[in-house]
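Dear colleague,

Please find below the structure that I am handing over to you. My notes on what was found in it follow directly after.

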Amino acid sequence: REQRLRAMRHVLLDLDGTLTDPREGITACIRHALTALGLEAPPPRDVDRFIGPPLAQSFRILPGGGDEARVERAIALYRERFGSTGIYENAVYGGIPAALAALARAGRRLHLVTLKPEPFARRVLGHFDLERHFASVHAPDLDARDVGKAALIRQALEDRRLDPPRVAMVGDPRQA
């Protein structure tokens, strides 16, 4: 096991729930979108399970979901609030900047792999001064729907020409 750890050269890291705690912003934005659609928003604690999966997937199973036009409107309302306010209702977990710096000092190249749309992921990294730790960012564009984490991991491996036995993924296993 120790030999395998030494062989790892690249670390793929998730953003939400791994580097940062986005709970407050994401749940507030989901509730905002539902309320703006005239739907009753569940309490924040009941929205927690929707942190991580693609927005389209979450809005399909929340109250009033299923209708694709409504899902698209919910995403637009979510992003309207998220882009101005929700993105900053977020916090870096304690010790993360030091851990990222230590991984870099140990010769590991770090790559962000997140389901958060790329423009938002880059803004979060910049806001918290974390972008300097990452060699690359792999995330869907704003128009992508139902992109899975496994597809993003494959894309990162291909784009960066990474050898899978020399790569570790750190993040939410429910999304892989």
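**Overall character of the chain**

Of the 176 residues in the protein chain, 44% are buried. Please bear in mind that this is a predicted model. The chain contains eight helices and six strands, and their order along the sequence is α-β-β-α-α-α-α-β-α-β-α-β-α-β.

As to dimensions, the C-alpha trace spans about 55 × 30 × 25 Å along its principal axes. A compact globule of 176 residues would have a radius of gyration near 16 Å; the value for this chain is 17 Å, which agrees. Among contacts between residues at least 6 apart in sequence, 74% join residues at least 24 apart.

The accessible surface comes to about 9100 Å², and carbon and sulfur atoms account for 50% of that area. The chain carries 27 positive and 23 negative charges, whose mean positions lie 6 Å apart.

**Helix α2**

Helix α2 covers residues 23–36. Its 14 residues, at 1.5 Å a residue, should span 20 Å, and the end C-alpha atoms are indeed 20 Å apart, so the expected and computed lengths agree.

Which residues of α2 are buried? They are Gly25, Ile26, Thr27, Cys29, Ile30, Ala33 and Leu34. An α-helix has 3.6 residues a turn, so residues three or four places apart point the same way. The buried residues of α2 pack against three other helices, namely α3 (44–47), α4 (55–61) and α5 (68–84). Just after α2, glycine 38 adopts a positive phi of about 80 degrees.

**Two loop residues with positive phi**

Most residues other than glycine have a negative phi. Two residues in loops may therefore interest you when you inspect the backbone.

Aspartate 129 has a positive phi, near 55 degrees, although it is not a glycine. Aspartate 129 sits in the loop between α7 (118–127) and β5 (134–138). Its relative accessibility is 38%, and because the partly exposed class lies between 20% and 50%, aspartate 129 counts as partly exposed.

Arginine 161 likewise has a positive phi near 55 degrees and is a residue other than glycine. The loop that holds arginine 161 runs between α8 (149–159) and β6 (167–170). Is arginine 161 buried or exposed? With a relative accessible area of 77%, arginine 161 is exposed, because the cut-off for that class is over 50%.

With kind regards

Conventions
Residues numbered from 1 in each chain as written. Predicted model: local features only at pLDDT ≥ 70, side-chain atom pairs only at ≥ 80, totals over all residues. Heavy atoms only, no water. Helix = DSSP H or I, 4+ residues; strand = E, 2+ residues; numbered from the N terminus. Expected span 1.5 Å × (residues − 1). Buried < 20%, exposed > 50% of the residue type's maximum accessible area, 1.4 Å probe, protein only. Contact = heavy atoms within 4.5 Å. Rg over C-alpha atoms; globule rule 2.2 N^0.38 Å. Areas by Shrake-Rupley, 256 points an atom, 1.4 Å probe, with all protein chains shown as cover. Lys, Arg positive; Asp, Glu negative; His and termini not counted. Charge placed at Lys NZ, Arg CZ, Asp CG, Glu CD.
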